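Please open the model in your viewer and keep the selection tool at hand. The stops below go from one selection to the next, and each says what is to be found there.

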Amino acid sequence: MSSGDFKHRFVDIESVRLHYVEAGAGPLIIFFHGFPLFWFSFHHQMHALKDAYRVVAVDGLGVNLSSKPDDLSLYKLPALAEQLDTLARHLIGDEPFNLVGHDWGGALAWSYAQHYPHRLKKIVGINAPPTNQLLGLLETNVEQQKRSAYMYTMRDGEMHQRITENGAHLMWQNAYANLRKLPHYTAEHDEVFRQGLAQPGAIDGGINWYRANIPPLDKISDGDFWPSRNASTAVPGLLIWGETDQTFTPEFIDDLPRYVEHLEVCRLPGIGHTPILESPDQVSDILRAFLAR
């Protein structure tokens, strides 16, 4: 979907090509989505903030219009973070920028801030812990193990077949079911998401993030943590948390300051895992206020 002054662009990064959408002018904000989403999940925030910022939303590797390689090494956290860093340098050179990530994109964003703190002004994670914290939870927290079971069951077998066949129709129907009840979620929005998930290989491309970075529960070791098991960041951070989230156990929030030293938390009662789509104006207002401070 191209709306108004939204521009669709591509950047080649060694062997892969990333698709991104940009608008506005000013300080840069890069938005990174989760699964099974793509750049369009941030279109509300892009519209709201493009008057004061240069807003860029990327299709992560494997998703929508970006490259979909089979090589899992390209989906590992260090590689994804390097792709993100290369995109940022393509956009503004060595200048620091603001990074906003949701779900898997939030986990990646926190990890990026831990490894590349000098590249960022501020970091926002939406309904997501840092990846190193998540792996620690998967080792020890039974509730998180239950909530993350999908990270394993969707990789192959019956579940994999069901969510990838027929242009990912079942995934589209189920993943966006709750959004269809909302007055601001239009049939046009729904069709954009349908087309994005139906891109050949896009669901497997998203699943490759999990294949590459989330080992079997009994195989998690220190070498799986990136940048390291206890890495933290001093970049000023904000967690936006929809309190009815069923993907991550809220217990992680109490321990999050170990990983994000300068942390603010904004809780949204009655909002679920996708605040960017469930309560978009509220999220845009929160982002505007945090980035301006």
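Begin by selecting strand β2, residues 16–23, a mostly covered strand in which seven of the eight residues are buried. Bear in mind throughout that this is a predicted model. Now add strand β1, residues 7–13, which pairs with β2 in the antiparallel sense over seven bridges. Along this pairing, Lys7 stands opposite Glu22 of β2. At the turn of the hairpin formed by β1 and β2, where two residues lie between the strands, select Glu14 and note that its phi is positive, near 55°.

Next, bring in strand β4, residues 54–58, which is joined to β2 by four bridges, again in the antiparallel sense. Here the residue to select is Glu22 once more, since it can be followed across to Val56 in β4, which stands opposite.

For the aromatic part of the tour, colour the rings of Phe, Tyr and Trp, among which the structure holds 14 aromatic pairs. Select Phe35 and Tyr210, an edge-to-face pair with 5.7 Å from centre to centre and 80° between the planes. Because Phe35 belongs to the loop between β3 (28–32) and α1 (43–49) while Tyr210 belongs to helix α9 (residues 202–213), this pair ties together parts that lie 175 residues apart in sequence. Phe35 has a relative accessible area of 12% and is buried, and Tyr210, at 1% relative accessibility, counts as buried too. Then move to Tyr112 and Tyr116, whose rings form a stacked pair, 4.6 Å centre to centre with 20° between the planes; both Tyr112 and Tyr116 are buried.

A wider selection comes next: Phe6, Phe38, Trp39, Phe40, Tyr176, Tyr185 and Phe193, which together form one aromatic cluster. Two arginines are also worth selecting with their rings, the one being Arg180, which lies over the face of Trp172 at 4.8 Å from the ring centre, and the other Arg229, whose charged end sits over the ring of Phe225, 4.1 Å from its centre.

Return now to helix α9, the one that carries Tyr210. This helix has twelve residues and reaches 18 Å from its first C-alpha to its last, close to the 16 Å expected at 1.5 Å a residue. Ten of the twelve residues in α9 are buried, so that the helix is mostly covered; among them are Ala202, Gly205, Trp209 and Asn213. To see what covers the buried residues of α9, show the helices around it, including α2 (77–92), α4 (131–140), α7 (157–175) and α8 (187–198).

Helix α3, residues 104–115, is the place to look for Ser111. Which residues does Ser111 contact, leaving aside its neighbours within four places in sequence? They are Leu77, Thr131, Trp226 and Pro227, and Ser111 itself is buried, with a relative accessible area of 0%.

The last stop is the largest nonpolar core, a set of 98 residues in which Ile30, Phe31, Met46, Phe97, Leu99, Phe193 and Ile240 touch the most other members. Helix α2 gives the most to this core, contributing eight residues. Finish by selecting Phe97, whose contacts beyond its neighbours within four places in sequence include Leu28, Ile30, Ala88, Ile92, Tyr112 and Leu120.

How values were computed
Residues are numbered from 1 along each chain as its sequence is written. This is a predicted model: local features need pLDDT of at least 70, side-chain atom pairs count only at pLDDT 80 or more; totals for chains, interfaces and linings use all residues. Side-chain values use heavy atoms; hydrogens and water are left out. Rings of Phe, Tyr and Trp (its six-membered ring) pair if their centres lie within 6.5 Å; planes under 30 degrees apart count as stacked, over 60 as edge-to-face and the rest as tilted. Buried means under 20% relative accessible area, exposed over 50%, partly exposed in between (1.4 Å probe, protein chains only). A charge sits over a ring if NZ of Lys or CZ of Arg is within 6 Å of the ring centre and within 35 degrees of the ring normal. Contact means heavy atoms within 4.5 Å. Two strands pair if DSSP finds at least two bridges between them. The expected span of a helix is 1.5 Å times one less than its number of residues. A nonpolar core is a set of buried Ala, Val, Leu, Ile, Met, Phe, Trp, Tyr and Cys residues joined through side-chain atoms within 4.5 Å.
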